[in-house]
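Reader: Hi! I have a structure open and would love to talk it through with you. Could you take a look?

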Amino acid sequence: MVKPYLFVTRKLPEEIIRPFRRHFDIQMWPYEEKPINRETLEKEARRADAILTMLSDQVDRSLLGQAENLKIIANLAVGYDNIDLSAARDRGITVSNTPDVLTETTADLTFALLMATARRIVEADSFIKKGQWNNWAPFLMAGTDVHHKTLGIVGMGRIGEAVARRARGFSMDVLYHNRTRHLQAEESLGVQYAEFEFLLEQADYVVCLAPLTEETKHMFGEKAFSRMKKSAFFINASRGKNVDEQALYQALIREEIAGAGLDVFEDEPIDSSHPLLTLQQVTCLPHIGSATIETRKRMIELCLENIALVLSGKKAKTFVI
Ligand code: DGY
């Protein structure tokens with residue numbers, strides 16, 4: 001019997017893939033760090049019953065228009081803004097993502113980024129490594145307290161809640177803004193709902209965890225940054241396009257806000273000449289929110305399970321549509 005054809009758009013560890021080779025004919029793009037080119041993606045999408053995609057792959061209407069056999073796109077991310085959902089829906093293709101398995105890992109990174117930015121961890125590390133530590137001084141690398149401050153979470157999904165749980169351990173007050181209220185989180189975590197503007201005005205740390213949609217695109221622009229306290233920090237661990245980076249840069253150099261921690265950027269990978277990289281009060285990471293070995297493994301396995309379910313006529317465990 002001919003096995004269904006699964007194409008994986010990045011080289012993934014063979015030991016995770018191997019058990020699934022019994023059920024599928026699996027081919028992978030041969031590089032781990034180099035993204036697939038458009039021509040190959042189109043060619044493979046035309047042939048595949050399933051594709052396992054990365055958040056950096058643009059799965060648009062023109063690609064899906066050629067995907068005659070495709071039944072599922074399993075995206076290796078909780079976000080799915082790289083996929084044209086309406087085109088997938090029109091063709092009856094399932095789109096799945098990887099929620100839950102990455103929640104705690106991404107919350108860890110978000111909180112680490114907040115801490116690193118507030119306490120100047122990266123800057124202090126490079127200060128020593130560059131041989132600049134000649135004397136101890138009372139205000140050497142003095143940062144800003146995190147404990148007992150106000151955290152403002154924009155986008156209170158699973159990761160937002162996990163960040164709020166961490167904040168409780170630091171005796172922080174937590175405000176959140178979300179499309180819908182989370183009464184259960186309010187009750188169990190003691191977090192408080194706030195209008196977007198109010199949250200910006202009150203928070204010492206504004207953390208963006210909102211998914212990228214037409215409504216959230218550039219929600220952090222000139223107006224938003226001008227509402228924040230001069231002493232406040234902005235942390236983004238969601239999608240870069242939620243932020244107008246020009247406006248963020250201006251807010252930072254005009255000292256309208258104190259600093260920023262960014263795991264994501266408008267155009268990834270960010271160019272090394274990007275102005276944000278010149279600012280010492282900005283901590284930058286290469287989109288590693290869910291990047292631990294354990295979690296990546298769980299994410300890949302979940303994608304493969306979803307593919308197996310859909311190709312055997314069942315519903316995916318974690319489908320978007
Ligand atoms: C996701 O899963 O959407 C994250 O951005 C990956 O780190």
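Reader: How far is an oxygen atom of the ligand from an N or O atom in the side chain of Ser290?

Author: Happy to help! Keep in mind that this is a predicted model. An oxygen atom of the ligand sits 2.9 Å from an N or O atom in the Ser290 side chain.

Reader: And how much of the ligand's accessible area does the protein cover?

Author: The ligand has 240 Å² of accessible area on its own, and the protein covers 94% of that.

Reader: Which residues are around the ligand?

Author: You'll find Leu55, Ala77, Val78, Gly79, Leu102, Arg239, His287, Gly289 and Ser290 around the ligand. Sorted by class, that shell has four nonpolar residues, four polar ones and one charged residue.

Reader: What about the backbone of Val78, how far is a polar atom there from an oxygen atom of the ligand?

Author: For Val78, that distance is 2.7 Å. Gly79 also has a polar backbone atom 3.0 Å from a ligand oxygen.

Reader: Nice. Switching topic: how many residues does helix α12 have?

Author: Helix α12 has 19 residues, running from 293 to 311. From first C-alpha to last, α12 reaches 27 Å, close to the 27 Å expected at 1.5 Å a residue.

Reader: Which residues in α12 are buried?

Author: The buried ones are Thr295, Met299, Ile300, Leu302, Cys303, Leu304, Asn306, Ile307 and Val310. In general, an α-helix has 3.6 residues a turn, so residues three or four places apart point the same way.

Reader: What covers the buried residues of α12?

Author: The cover includes strands β1, β3, β4 and β5, along with helices α1 and α5.

Reader: And what follows α12?

Author: Gly313 follows α12, and its phi is positive, near 85 degrees.

Reader: Let's move to Ser96 in strand β5. Is Ser96 buried or exposed?

Author: Ser96 counts as buried because its relative accessibility is 1%, under the 20% cut-off.

Reader: Which side chain does the side chain of Ser96 make a polar contact with?

Author: That would be the side chain of Asn306, at 3.5 Å. Asn306 is one of the buried residues of α12. Leaving aside neighbours within four places in sequence, Ser96 is also in contact with others, including Ile72, Ala74, Thr318 and Phe319.

Reader: One last one: where is Pro13 found?

Author: Pro13 is in the loop between β1 and α1. At 35% relative accessibility, Pro13 counts as partly exposed. Pro13 and Lys297 are 284 residues apart along the chain, with 8.7 Å between their C-alpha atoms.

Reader: Great, thanks a lot!

Methods. Residues are numbered from 1 along each chain as its sequence is written. This is a predicted model: local features need pLDDT of at least 70, side-chain atom pairs count only at pLDDT 80 or more; totals for chains, interfaces and linings use all residues. Side-chain values use heavy atoms; hydrogens and water are left out. Helices (H or I, at least four residues) and strands (E, at least two) are DSSP runs, numbered from the N terminus. The expected span of a helix is 1.5 Å times one less than its number of residues. Buried means under 20% relative accessible area, exposed over 50%, partly exposed in between (1.4 Å probe, protein chains only). Contact means heavy atoms within 4.5 Å. A residue is near a molecule or strand if one of its heavy atoms lies within 4 Å of it. A polar contact is a pair of N or O atoms within 3.5 Å; within protein, one must be able to donate a hydrogen and the other to accept it, and residues adjacent in sequence count only if both atoms are side-chain atoms. Accessible areas come from the Shrake-Rupley method with a 1.4 Å probe; for residues, only the protein chains shown count as cover. Ala, Val, Leu, Ile, Met, Phe, Trp, Tyr, Cys and Pro count as nonpolar, Asp, Glu, Lys and Arg as charged, and the others, Gly among them, as polar.
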